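Here's a quick look at how the two chains meet, and at where to be careful with the coordinates.

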Amino acid sequence: MATGDGARDPMASAQRNADAARARSAHETGRAEHHETLADDAPTDVLRSVHLRIAALHRSTAACHDISARLQSDYVARFGKWAGAGNTPRPMFMTGVAAACGTRSAALTLVGATLDQLALAASDEPSRSAQELEFLLGEGPARDATAEIRPVSATGPALAERWPGYGPAVTELGIAEVAAVPLSLAGVCVGALAVFDPAPGLVGSGTFREVAEALTESMILNPDGDPGLYGAVDLRALVHQATGMVSEQLDCSVTDALELIKAHAFAEGVSAHTVADRIVRRELRLG
Amino acid sequence: MTSMPLTQQRLARAFVDLARSPVTEPSDPAGLLASLAAHATELLGDCAAIVLYVPDEHTPAQVAGTGEELMRLAQDAADLSEGPGREACRTGRPVPDTALDGEQARRDWPRYTARARQLGYGRTAALPLHVGDDTLGALVLLGRGGTPLPAELLALGQSLTDAAGWPLERDRRLRETRALADQLGQALTSRIVIEQAKGTLAARLSITVDEAFRLLRSHARSNRRRLTDVAREVVERRLEVPAE
């Protein structure tokens, strides 16, 4: 990611972000307490309720920063353990995000103005595969959560009813339940956080939404944050290189070229990355 | 507080005005300030109220008040950079009830004091308008005659001002959030266009993507252009980047 230096020294960066999130939380709590005092002293019910409302908003922002601080501290701890251990895979920030949501499988997508996925970060193979299906088919929970700026979920047969392409395909991956919440702040939506086969009770609980808010407020849309999530966010560089190639070879737009690659990948039952890799190696020529 | 013509209904209306703007749309600060001034005047008994708002050093001070004379006084005070409002704004602390014919007022705000006394005011106080961690303005109260402004009136004024600071803070955060979201979208889109251009150029010149990237970068450097702009033109076939 061009934004943030978290990919270079994730541990130091996460430690710094954890400290900053804790300081912001304490600050918001102080602001909440101030308005609670004003509410106590308010001469009328209306003024009291206005101050209580402002206090509640500060408290909810404080809670966001607390969650964020915990996610970062957890990542620092896992990273520290890993650095001391040896040949285990490098810890991923998204693993902690998934755990905070009560699942192993969580994926975060960042979108542009057209709602097309620009980047993704996934906690494990199933969530990556599910997100890949959304990318290939242009439909699914993350896209809907982003477009509608509200939570989306579906289970079992409802998957295919809601998404005729994505539903059956994600069911074939062995996933029975999907849910997504928008990454939005102050009416601006930059993507979605999706979970797959979450623990019972997560969807509809405040936790899932709070984790998404914490990531948005503290990491993605924060001048001190790291929208690259410490190198976890993948831009699909190879797919876009292949897109450029196909567009030149077939004299078509990059939009059409990307659609061709996606269609080819879906038809072959492989990822866009796999197809792109073959195109860039000149082992495959579309059209 | 029985001496004040304070009704639930009036307060309710004040805060409906203050909190009306939806969270997703920036409110109009001028309207917010005007309604703060109007409602403070209405709520705080015989006091006149002026709101001073200085969003940043590059923006002229905005004032709101009820009545032409008061507005002129407020504007002149802002232009002269003097008076209780400026002081509360600068220090971030309230200016307590002060006699306008007293030594301190005449010394600290000579021009302001004369003007306010001509309009018949004898007492003043100012309450800072906090927006987040900053003080971006003040609510100035002016009382007729020599009776000191009661402490509970100042407390109510501050409570009202603190409530008014919140929509202003929310607006500021909304603007920052939008700017950050735009930056993020642009950063991602730029990176993607550069990857596409590597592929386009690699296919066009039958070279590897790494070689294509070196060509793009050196073309951008030697023509003093942004890599993203060069990449976009390559992808849109508006620019030929020659092989080395």
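Two residues count as in contact if their C-beta atoms, placed from the backbone, lie within 7 Å. On that basis, chain A and chain B each bring 40 residues to the contact. This is a predicted model, where local features need pLDDT of at least 70, side-chain atom pairs count only at pLDDT 80 or more, and totals for chains, interfaces and linings use all residues. Residues are numbered from 1 along each chain as its sequence is written, while chains are lettered from A and ligands numbered from 1 in the order in which they are written.

On the chain A side, these elements give two or more residues to the contact with chain B; helices (H or I, at least four residues) and strands (E, at least two) are DSSP runs, numbered from the N terminus.

| Element of chain A | Residues |
|---|---|
| α1 | 10–41 |
| α2 | 45–85 |
| β2 | 117–122 |
| β5 | 188–196 |
| α9 | 237–250 |

α9(A) gives the largest share, ten residues. By class, that side has 26 nonpolar residues (Ala, Val, Leu, Ile, Met, Phe, Trp, Tyr, Cys and Pro), three charged ones (Asp, Glu, Lys and Arg) and eleven polar ones (the others, Gly among them).

How far can you trust it? The model scores ipTM 0.90 and pTM 0.85. Chain B averages a pLDDT (the predictor's confidence in each residue, from 0 to 100) of 85, with 87% of the residues at 70 or above. Residues 1–8 of chain B are below 50, though, and residues 20–24 of chain B stay under 50 too. Where pLDDT is low, the predicted coordinates should not be read in detail.
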